[in-house]
Amino acid sequence: MSSQRLSNKVAIITGSSQGIGREICNQFSEEGALVVCSDLRPLGQGNDVATHEAITKKGGKAIFVSTDVSKADDWKALIAKTVQEFGRVDILVNNAGICTEANKPAPIDEVDEDAFDAHLRINSRGVFLGCKYVIQQMKKQEIHQSSGLRGWIVNFASMVSNIGMAGLTGYTASKGAVSAMTKTIALDVAKQGIVVNAICPGFTKTAMLDNALGAGASTDGGALGSSAARDAVLAALPRGRFGEAKDHARAAVYLASDDAAWVTGILLNVDGGLTAQ
Ligand SMILES: NC(=O)c1ccc[n+]([C@@H]2O[C@H](COP(=O)([O-])OP(=O)(O)OC[C@H]3O[C@@H](n4cnc5c(N)ncnc54)[C@H](O)[C@@H]3O)[C@@H](O)[C@H]2O)c1
């Protein structure tokens with residue numbers, strides 16, 4: 001039985017169909033939130049039941065709204081649908097992201113310009129648009145009596161907001177923008193009772209990690225379960241294991257809860273100690 005820390009709060013989660021986003025939806029529902037799942041499509045890699053359907057089957061409340069986070073019109077429609085369905089928006093988790101460069105890392109003088117732009121468009125512009133349109137909605141809403149807050153935003157930055165990673169110029173630039181934006185937006189809306197924070201994940205077992213380290217890297221004992229790349233990364237992790245989607249979902253619950261009422265503009269490293277070194 002969970003502590004119901006998000007009881008009756010309405011939460012939009014982007015990139016909800018797989019990986020970290022799917023687990024955030026599950027944990028938020030366990031904590032009592034009404035969940036709006038948003039992604040390009042409802043069914044993610046490796047799942048045979050859509051996230052919102054799995055939550056509904058377990059007795060939670062969830063809907064799916066197809067959204068491309070890089071498009072302003074999609075954001076307007078997503079927020080309108082959420083308000084139509086649940087009356088307001090309390091929480092936004094900007095989790096959707098891509099790291100296509102991981103397939104083909106390139107030094108700066110060889111970076112593909114379209115790939116660079118795509119990272120900025122989805123990872124940075126997606127977060128910018130989400131914050132812009134959800135804050136317009138949150139500002140119209142009443143303050144929550146329990147916390148004195150009007151809204152909670154959790155952005156997904158990355159360990160590469162803190163450290164460089166050779167071959168990933170577009171991805172690192174896009175995540176640096178997320179961490180910088182998070183602090184500025186937090187200041188823009190602090191007086192309105194909206195808190196804005198970011199999580200910086202380290203290497204975490206999802207499709208994105210498979211993409212970076214080879215198929216099966218996210219599955220212990222998978223096809224490339226003991227590849228040199230995987231072993232080298234593991235050896236550099238102070239906690240001695242990859243992150244799990246749940247590690248980030250629990251951090252997101254905290255940052256979206258009344259417990260974080262006086263926490264804003266922070267970058268929370270959830271990386272097993274990687275960037276403490
Ligand atoms: N997994 C890691 O090791 C790691 C490390 C650092 C940061 N992160 C960040 O955590 C977040 C979640 O990553 P993950 O590992 O779960 O990735 P993932 O690839 O498993 O899932 C990403 C989700 O985002 C969705 N998405 C992609 N483009 C979209 C768009 N234009 N509009 C809407 N949705 C879109 C995908 O469909 C997918 O469901 C990302 O922002 C990622 O950059 C992950």
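Q: What makes the approach of Val 69 to the ligand a polar contact?
A: A backbone N or O atom of Val 69 lies 3.0 Å from a nitrogen atom of the ligand. A polar contact is a pair of N or O atoms within 3.5 Å (within protein, one must be able to donate a hydrogen and the other to accept it, and residues adjacent in sequence count only if both atoms are side-chain atoms), so the pair at Val 69 qualifies. Do keep in mind that this is a predicted model, where local features need pLDDT of at least 70 and side-chain atom pairs count only at pLDDT 80 or more, while totals for chains, interfaces and linings use all residues. Residues are numbered from 1 along each chain as its sequence is written, and side-chain values use heavy atoms, with hydrogens and water left out.

Q: How do you know that Asp 39 and Gln 18 make polar contacts with the ligand?
A: The side chain of Asp 39 has an N or O atom 2.6 Å from an oxygen atom of the ligand. For Gln 18, a polar side-chain atom is 3.0 Å from a ligand oxygen atom. Both pairs therefore meet the definition.

Q: What surrounds the ligand?
A: There are 26 residues around it, and the closest are Asp 39, Asn 95, Tyr 171, Thr 204 and Thr 206. A residue is counted here if one of its heavy atoms lies within 4 Å of the molecule.

Q: Why are H4 and H5 called roughly parallel?
A: Helix H4 (residues 113-139) and helix H5 (residues 169-189) pack at about 15 degrees, with axes 7 Å apart. Angles under 35 degrees count as roughly parallel, over 145 as roughly antiparallel, 65 to 115 as roughly perpendicular and the rest as oblique, so H4 and H5 are roughly parallel. Their crossing is right-handed. Among the residues that meet are Phe 116 and Leu 120 in H4, and Tyr 171 and Met 181 in H5. By class, this contact holds 13 nonpolar, six polar and two charged residues.

Q: What makes H3 oblique to H4?
A: The axes of helix H3 (residues 72-86) and H4 come within 10 Å and cross at roughly 40 degrees. That angle falls in none of the named ranges, so H3 is oblique to H4. H3 passes H4 in a right-handed crossing. Trp 75 and Ile 79 are among the H3 residues that meet H4, where Leu 129 and Tyr 133 are among their counterparts.

Q: Why is H1 called oblique to H8?
A: Helix H1 (residues 19-30) and helix H8 (residues 245-255) cross at roughly 50 degrees, and their axes come within 8 Å. This again belongs to the rest, so H1 is oblique to H8. The crossing is right-handed.

Q: What makes the pairing of Thr 275 with Asp 271 a polar contact?
A: Thr 275 is found in the segment after strand S7 (267-270). The side chains of Thr 275 and Asp 271 pair at 2.5 Å, so the distance fits the definition. Not counting residues up to four places away in sequence, Thr 275 touches Met 159, Asn 162, Ile 163 and Asn 269, where contact means heavy atoms within 4.5 Å.

How values were computed. Axes are lines fitted to C-alpha atoms, for helices over the stretch in contact, and angles run from 0 to 180 degrees between N-to-C directions. Helices (H or I, at least four residues) and strands (E, at least two) are DSSP runs, numbered from the N terminus. A crossing is left-handed if the near helix is turned anticlockwise from the far one by less than a right angle, and right-handed if clockwise. Ala, Val, Leu, Ile, Met, Phe, Trp, Tyr, Cys and Pro count as nonpolar, Asp, Glu, Lys and Arg as charged, and the others, Gly among them, as polar.
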